[in-house]
Amino acid sequence: MKQLKHSNINSNIFENKNYFERIIFTFLNQIIKKNLQKPNYLLRTFIIFILSLLLLPVLMTFYLCDPVIIWLIEDYERPSIVYGYNSKGEIVPYAEFYSQNRKIIELTENDFKTLSVIKTFIAAEDIRFKEHFGIDIPGIIRAMIINFLAGKIKEGASTLTQQTARLRFLSRERTIIRKLREISLSLWLELKYPKHKILEIYFNEVPLGHGTLGIEAASQFYFGKNFRELSIGEASVLSSLTTAPNIYSPLKNPIKSISKMEVTFKRLVENGEIPIEEAEKEFKNIVQNYIITLNRYPDESSYTNRLNLFPYATEYLRRILPDEIKENLENGGYEIYTTLNVDKQKIAEKSLQDWLKQLNKNKVLYKKPFKNFEIFDEHFNEAFPILKVLFGIADFKQKITKEERDFQIKFLSENRDYLLLLNYLFGERNIINALENHLKKEIDDPSLKPDYIEGALVSLNPLNGKLEAIVGGSKFIPANQLLRFLSQRQPGSALKPFIYSAGIDHYGRNIEDKEHQFTAATILDDTPLTFIDKDLSEYEPENYGGNYLGPIRVREALVLSRNTATIQAYTKIGSDIVNSYLEKILNLPENSLPKEATVALGSYEVTPLQLATAYTIFPRNGSIIQPYFIEKIIKKSNKKNKVIYKAEKPNIKEILLPETAFIIKDILKDVVKQGTGRAAYIPGIPVYGKTGTSNRFTNAWFAGFTPDNVTVIYIGYDKNISLGPGSSGGSIAAPVWRNYIYNVIKEFNYSYNYKEKIPPRIIQKPVCSLTGQIPYSSQCNPINEYFIIGTEPDIICEIHSKKHTK
């Protein structure tokens, strides 16, 4: 982004740096002190006093910096507004940043004659505003007399022009120098601007309490309407706030507010602005229908009413803005246009947050690992075969190293309740006591109470890279502001499509490399595997449910999300090849991924936004587009609006062959139709996707796409603890995805007449459903499979041909 320049409109610095008048007054003071020590000091002092009076008009009207201030500084400190767009393509504001609530208004000469609010403020603050030239000499004399007779300061003599000068350019310091500056600036204001423009500046600068700055912000805060729509009674409420908003606020001191309003109505009548009957009617109406019935918190702030429809999106924007804009965001007057689709954002927040409420209502308590192995091993071994049949539990071995930890977490943590029930039936008292003691400790231990199940949603357009909806959790409140779409979590099986893509793509580019032959019909062995880790402990990956299918084609392995088959695919393709592809797809530094089989099961942590970006590779037919959120930024000013940032063309990387992307898409369509992602299926809509569940059900994912949308759902605890048995991506993440996409299609009235374009190097061939080879006969139960030309099988089914030969 280009270097941005910001001009601070507050010109109090001029007051501090205007040394001209200070030097003169200091010089005169020194002369007077010296003359008091000399003969004829009375005569000398009188002469100096006369010279000072002659010099006073010069000091009042020709301050060196005043003309510069008036002529050069014409803009305001403005709030910054954030915009998105709706389903009709219309620009819609959804957030604003400000330190004080200000909404800039403009007045015309005709407004000066017709608006009730102008008549009311002139009556309350400066009845001779239309006649004087910045300083009201008769008003000064009248105020002096009234204050003298009252014995106190009862009436001020500052004109609206003087108040405008003070509010716009000076501080509230009560000094002679400041008052002289105020007069000087008032004269210059009158010289430059017509009366309605001076009043416009005043209306934009006057603080009216509760964090409001200016007439429009106050009108919206107190009455919920535009300042042009204010009645005389409503305008009188605002005019009563100009001197001391905290004292005369109708929210804090309604009695004092009413007394101040009475003065304004008297002046309106005295000036002939309204007849006395109308004044009485307006006064009675505002008191009875507004002041008396007002039921609002006395310290209510307009900041709490700040526009922020989608706080997760707003906070994300704030984080990615350049520092030079962040520093002046609240007063810089920026118009920030984002790619957020406000209608999709509403649907996204409702879909995810309603689902999270439901999940937390029915959540399962996290089970602390069971550790009494001695008593379990002594009494439980004989019962294990029964449990295996009843609950489909995978084989296990008790070890001292990593297997012991896996055993504790994977088996006992998830099956304690079942074990307790079964041992009640068998009467195994020792096991019952051990399990009950473990349960009691968990219930009594407050540290084991689970947090709120949270989640994230990222939705973007893969065709242009626009980030259209982002939700970071259940509700954006002071205690819950984590943007979970930027939090790193293990994606589990949601990473598997990239593993298989690497194998198919590498072989498609290197057909002569038979060592790494890999297609959608390649046979993998879905059987138990054991790996030796660096600490010499054994690692035995398992499938969800603990069962194994034996020889299985790549398509089936991905559709059914078989873990052991995927690890075999990782080994067969080669860690160097797979990691190289993954690093490009996930935009990681070269050689950053470990060469371990667990990578194939999604052990490497990614963010939901990172995963959504990676999944654009499929609807884009092999290329990845980097998403963006800021379209452009405009710096607002009175003179000219300047575009200081405009999004460049998104970065696009070609990674996979179009043919590879086509084959994987076709498999991911089957994942939704008949695999682990069935909960995301929408009839009549081309839906593709993949579930993801990390170890011990700590994270649940669904990454899915349509031709023009990629959306990723993440569900999990912030502390990375188990969601409970059965909390897979297919069961608790895919339903959110379906609900969001379905309602978006319904809201936008999408009609998909979509037919997948087949790349030129794709060929469809029948293969044996058992071996993935050329069918020998109908006994092969042939199915059609897609191949990159040159990678199709060239061997006749060896199993069925041998049977026939025999």
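The following exchange between a trainee and a mentor concerns a predicted model of one protein chain.

Trainee: What is the mean pLDDT of the protein chain, and where does pLDDT stay under 50 with 13 contacts beyond four places in sequence?

Mentor: This is a predicted model, in which local features need pLDDT of at least 70 and side-chain atom pairs count only at pLDDT 80 or more, while totals for chains, interfaces and linings use all residues. Residues are numbered from 1 along each chain as its sequence is written, and side-chain values use heavy atoms, with hydrogens and water left out. The pLDDT, the predictor's confidence in each residue from 0 to 100, has a mean of 82 over the chain, and 76% of the residues reach 70 or more. The stretch with 13 such contacts (a contact means heavy atoms within 4.5 Å), where pLDDT stays under 50, is residues 396-402.

Trainee: How many helices and strands does the protein chain have?

Mentor: Helices (H or I, at least four residues) and strands (E, at least two) are taken as DSSP runs, numbered from the N terminus. On that basis, the protein chain has 31 helices and 20 strands.

Trainee: Which strands stand at the edges of the open sheet of five strands, and why is one side of each left without a neighbour?

Mentor: The sheet has the order S2-S1-S5-S13-S14 with mixed pairing, where two strands pair if DSSP finds at least two bridges between them. Each edge strand has a single partner strand, so one side of each has no neighbour in the sheet; the two are S2 (91-97) and S14 (642-646).

Trainee: Which residue of S13 is the bridge partner of tyrosine 337?

Mentor: Strand S5 (residues 334-341) and strand S13 (residues 630-635) run antiparallel and are joined by five bridges. Within S13, the partner of tyrosine 337 is lysine 632.

Trainee: At what angle does helix H16 run to S2?

Mentor: Axes are lines fitted to C-alpha atoms, for helices over the stretch in contact, and angles run from 0 to 180 degrees between N-to-C directions. Helix H16 (residues 311-320) lies across S1 (80-85), S2, S5 and S13, and its angle to S2 is about 70 degrees.

Trainee: Is tyrosine 98 buried or exposed, and what is its relative accessible area?

Mentor: Rings of Phe, Tyr and Trp (its six-membered ring) pair if their centres lie within 6.5 Å, with planes under 30 degrees apart counted as stacked, over 60 as edge-to-face and the rest as tilted. Tyrosine 98 and tyrosine 303 form an edge-to-face pair, 5.6 Å centre to centre with 90 degrees between the planes. Buried means under 20% relative accessible area, exposed over 50% and partly exposed in between (1.4 Å probe, protein chains only), and tyrosine 303 counts as partly exposed at 37%. Tyrosine 98, by contrast, is buried, with a relative accessible area of 2%.

Trainee: Which residues form one aromatic cluster with Tyr615 and Phe618?

Mentor: Tyrosine 615 and phenylalanine 618 form an edge-to-face pair, with centres 5.7 Å apart and 75 degrees between the planes, and both residues are buried. The cluster that holds them also includes Phe498, Tyr688 and Phe705.

Trainee: Why is helix H25 largely enclosed by the rest of the structure, and which residue follows H25?

Mentor: Helix H25 (residues 563-573) is largely enclosed because eight of its eleven residues are buried, among them Ile567, Tyr570 and Ile573. The residue that follows H25 has a positive phi, near 110 degrees, and is glycine 574.
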